[in-house]
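User: I would like to learn how to read the features of a protein model. Could we work through them in turn, with the general idea before the case at hand?

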Amino acid sequence: MKRGFFPVCALVLSFSFLYSPGNSQVDDTWKASPEAVAKLSRSQPDFNYYEEKIPAYTLPDLLVTSSGRKVTTANEWMKVRRPEILELFRENIFGRAPETPYTKSFKIVNEDKNAMNGAATLKQVDITIESEGKSLVIHLIMFVPNRVKKPVPAFLLIDNRGPENTDPTRNLKSEFWPAEEVIARGYAISVFSNSDVDPDDFDDFRNGIHGLLDRGVRKPDAWGSLAAWAWGASRCMDYFETDKDINNKKVAVVGHSRGGKTALWAGAEDQRFSLVIGNESGAGGAALARRRFGETVAKLNSGFPHWFCANYKKFAGNEDSMPVDMHMLLALTAPRALYIDCASDDLWGDPRGCYLALYNALPVFQLFNKSSMVPRIMPPLNKQVFSGHTGFHIRDGVHNMLLQDWKCFMDFADTVWK
Ligand code: GCU
């Protein structure tokens, strides 16, 4: 049986004070099941699942500029340190999108004002990208609630799981994209498939948007597929800016796993997203790389050589030499809202490493808003925590994105978007 969720938004402040070293309540925190750790360690002996075997590490300082100046104001963060960190992520991790000119056009190819038994309007929009006579189409699917004042805030899912989860006819329904539930909460919900933008396999960057926009010899900081999918999310945002039904100041970008890594990068590159949600984004997403817990940089590079830029390969087995770590990626969302969540069975994605990244990103959020915080000690299972512009939960169960998770996203959105 699933345990219930307990939102503790209002309690978050007292929470963070309750948990301190030596406090007996310190035990009320999530811990990986020892059985799961032992089992995974046997089946994957090349990867570490023991907290006590994590090597000592020092995170790069978020708030010291490359010239050694301490950042103390929101203005210095936005003007100096944020651009520096964004560049470091482009150069070393996700890669840089090319500046090749292209044109884009939007066409509503299907509209049903009476979708979901009249609860919503379905719009299917073809976003066509053209360059030098070649083109590619991103198929955006969206439902907009009917009985709600427009424009409405919207969720955009970067789908990495295939069309059976995102059926516009609603004959097939999936918790991965619970459109009816989001509509019932008064929000628009939309989705595009990452494969429309770039195939999720190593094709030497010949197809998809790489094939369309890349020119000349590929550079070590040229964008990989995650950056390409993130770019696709921005093209959907371009469309929202033209649609009077959508409040484009309140758009959340959401992704699961590889889609979660993508959502975090989309939010870093494109400040038009007001809420960024990384669900079980794991290594290369929210998880601190220096912990080397579960999936590693080496494994990401060997298993998915098309996801990141070529420079990322330098850090395989060499995490301490990375000029960034993932708390810095999360900080790039500030002052906008950020939600990170994990699942207890997904040790491959290092839930604690994701939490620590969020916790370590807080100083940047707090430059803007002192109330943005999560407790110092990772919360227990199924206890949602949020305050200001940061939130988190760890759900019990499998690596997936479920209705329980979406309810937490919407609860957070309700307070962020008021
Ligand atoms: C693999 C990969 C992860 C990724 C996941 C997914 O497990 O190693 O990094 O997050 O696939 O996208 O489901």
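Analyst: The following turns discuss the ligand, several helices and some backbone features of this model, which is predicted.

User: Let us begin with the ligand. Which residues are around the ligand?

Analyst: A residue is placed in this group if one of its heavy atoms lies within 4 Å of the ligand. Here the residues around the ligand are S257, R258, K261, E295, L300, F304, W307, W348 and H399. By class, this shell divides into four nonpolar, two polar and three charged residues.

User: Which side chains have an N or O atom paired with an oxygen atom of the ligand?

Analyst: The side chain of S257 places a polar atom 2.6 Å from an oxygen atom of the ligand. For R258, an N or O atom of the side chain is 2.6 Å from a ligand oxygen atom. W348 has a side-chain N or O atom 2.9 Å from an oxygen atom of the ligand. As for cover, the ligand taken alone exposes 320 Å², of which the protein buries 81%.

User: How should I read the length of a helix, and what does helix α7 reach from its first C-alpha to its last?

Analyst: The general idea is to compare the span with the value expected at 1.5 Å a residue. Helix α7, residues 225-240, has 16 residues and reaches 23 Å, close to the expected 22 Å. Of its 16 residues, 16 are buried, so α7 is largely enclosed by the rest of the structure.

User: How many residues of α12 are buried?

Analyst: Burial is judged by relative accessible area, and buried means under 20%. In α12, 11 of the 15 residues are buried, so this helix too is largely enclosed by the rest of the structure. Among them are L403, W406, F409, M410 and W417. The span of α12 is 20 Å, close to the 21 Å expected for its 15 residues.

User: What does helix α3 span between its end C-alpha atoms?

Analyst: Helix α3, residues 74-94, spans only 25 Å, whereas a straight helix of 21 residues would span 30 Å. A kink of about 40° lies at R81 in α3, shortly before the proline P83. R81 is itself buried, and other buried residues of α3 include W77, R82, I85, F89 and F94.

User: Let us turn to the backbone. Which signs of phi and which peptide bonds are found in most cases?

Analyst: Most residues other than glycine have a negative phi, and most peptide bonds are trans. In this model, phi of R292 is near 50°, a positive value; R292 is found in the loop between β7 and α9. Just after α12, K418 takes a positive phi of about 45°. K418 is exposed, with a relative accessible area of 83%.

User: Where are cis peptide bonds found?

Analyst: One cis peptide bond joins K150 and P151, with omega about -5°. P151 lies in the loop between β3 and β4. The peptide bond from A334 to P335 is also cis, with omega near 5°, and P335 is found in the loop between α10 and β8.

User: Finally, how does one compare separation in sequence with distance in space? How far apart are G208 and A228?

Analyst: G208 and A228 are 20 residues apart in sequence and 8.9 Å apart in space, taken from C-alpha to C-alpha. G208 has its place in helix α6, residues 208-213, and is partly exposed, with a relative accessible area of 26%.

Conventions:
Residues numbered from 1 in each chain as written. Predicted model: local features only at pLDDT ≥ 70, side-chain atom pairs only at ≥ 80, totals over all residues. Heavy atoms only, no water. Polar contact = N/O pair within 3.5 Å; in protein donor to acceptor, adjacent residues only side chain to side chain. Areas by Shrake-Rupley, 256 points an atom, 1.4 Å probe, with all protein chains shown as cover. Nonpolar A, V, L, I, M, F, W, Y, C, P; charged D, E, K, R; others polar. Helix = DSSP H or I, 4+ residues; strand = E, 2+ residues; numbered from the N terminus. Bend = angle between axes of the 7 residues up to and from the residue. Buried < 20%, exposed > 50% of the residue type's maximum accessible area, 1.4 Å probe, protein only.
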